[in-house]
Amino acid sequence: MPIVPDEKDWTWVLSRPCPECSFDASTVTPATVPGSIESMLPRWRAVLRRPGVAQRPNDHTWSALEYACHVRDVFALFDQRLNLMLESDDARFDNWDQDATAEEKDYGNADPAVVGAELAAEGHQAADSFARVREEDWERRGLRSNGSEFTVLTLAQYFLHDVVHHLHDVNG
């Protein structure tokens, strides 16, 4: 059964802590981004080893497996967006329909062991990419298709919130 898409604009997490997961973007600095990513990978792998990982808790919430697939794809997407921001001036990001991706990639029927390995690989890649950002590049800008503007730092903050929030969603 498809989930009702979340069409909220979550960019507000850049200006105040998230009341659901307690993520506070103001604590994220260029120096903390790679380690923050790396520290979440074992937690995601542990989630994927749980019995019933593919079971949805209700009809309107993804399973832990589906959330992990989403996070794997978030790692890849934000790595691409980071590299686009570093390689071009006034980078523009196409809209990403995460719900269509979930259906196209059949998240709910994925192999948890494969997803765990892929999630870790994509997470390590994203951490490495953020670790290579030069100090003078953290203020480079990019624009999302809905007009939201990001710097490399605010992109990292927004991205980290997504990963932290979904760990919260699955009690990871």
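**In what order do the strands of the open sheet run, and how are they paired?** The order is 1-2-3, the pairing is mixed, and three strands form this open sheet. This is a predicted model, so local features need pLDDT of at least 70 and side-chain atom pairs count only at pLDDT 80 or more, while totals for chains, interfaces and linings use all residues. Residues are numbered from 1 along each chain as its sequence is written, and side-chain values use heavy atoms, with hydrogens and water left out.

**View 1. A look at the sheet and its edges.** Helices (H or I, at least four residues) and strands (E, at least two) are DSSP runs, numbered from the N terminus. Two strands pair if DSSP finds at least two bridges between them. Strand 1 (91–93) and strand 3 (149–151) each have a single partner strand, so one side of each is left without a neighbour in the sheet. On average, and ignoring direction, neighbouring strands here are turned by 30 degrees against each other. Zoom in on strand 2 (residues 141–144) and you'll see that its pairing with strand 3 is antiparallel, over three bridges. One residue to look for is Leu-143, whose bridge partner in strand 3 is Glu-149.

**View 2. Two helices against the sheet.** Helix 2 (residues 64–87) lies across strand 1, strand 2 and strand 3, and runs at about 155 degrees to strand 1. Helix 5 (residues 152–169) packs on the sheet too, touching strand 1, strand 2 and strand 3. The direction of helix 5 makes about 100 degrees with that of strand 3. Axes are lines fitted to C-alpha atoms, for helices over the stretch in contact, and angles run from 0 to 180 degrees between N-to-C directions. Contact means heavy atoms within 4.5 Å.

**View 3. Helix 1 meets helix 4.** Helix 1 (residues 33–48) and helix 4 (residues 112–131) pack at an angle of about 175 degrees, and their axes are 9 Å apart. That makes helix 1 roughly antiparallel to helix 4 (angles under 35 degrees count as roughly parallel, over 145 as roughly antiparallel, 65 to 115 as roughly perpendicular and the rest as oblique). Among the residues making the contact are Ile-37, Leu-41 and Trp-44 of helix 1, and Val-115, Leu-119 and Phe-130 of helix 4.

**View 4. Aromatic rings in pairs.** The structure holds eight aromatic pairs. Rings of Phe, Tyr and Trp (its six-membered ring) pair if their centres lie within 6.5 Å; planes under 30 degrees apart count as stacked, over 60 as edge-to-face and the rest as tilted. Trp-62 and Tyr-107 sit edge-to-face, 5.9 Å centre to centre with 75 degrees between the planes. Trp-62 is in the loop between helix 1 and helix 2, and Tyr-107 is in the loop between helix 3 (98–104) and helix 4, so the pair ties together parts that are 45 residues apart in sequence. Phe-130 and Phe-159 are stacked instead, at 5.7 Å and 15 degrees. Both Phe-130 and Phe-159 are buried (under 20% relative accessible area; exposed is over 50%, partly exposed in between, with a 1.4 Å probe and protein chains only).

**View 5. Two Asp residues with positive phi.** Most residues other than glycine have a negative phi. Asp-90, though not a glycine, has a positive phi of about 55 degrees. Look for Asp-90 in the loop between helix 2 and strand 1, where it counts as exposed at 59% relative accessibility. Asp-106 has a positive phi of about 50 degrees and lies in the loop between helix 3 and helix 4. With a relative accessible area of 38%, Asp-106 is partly exposed.
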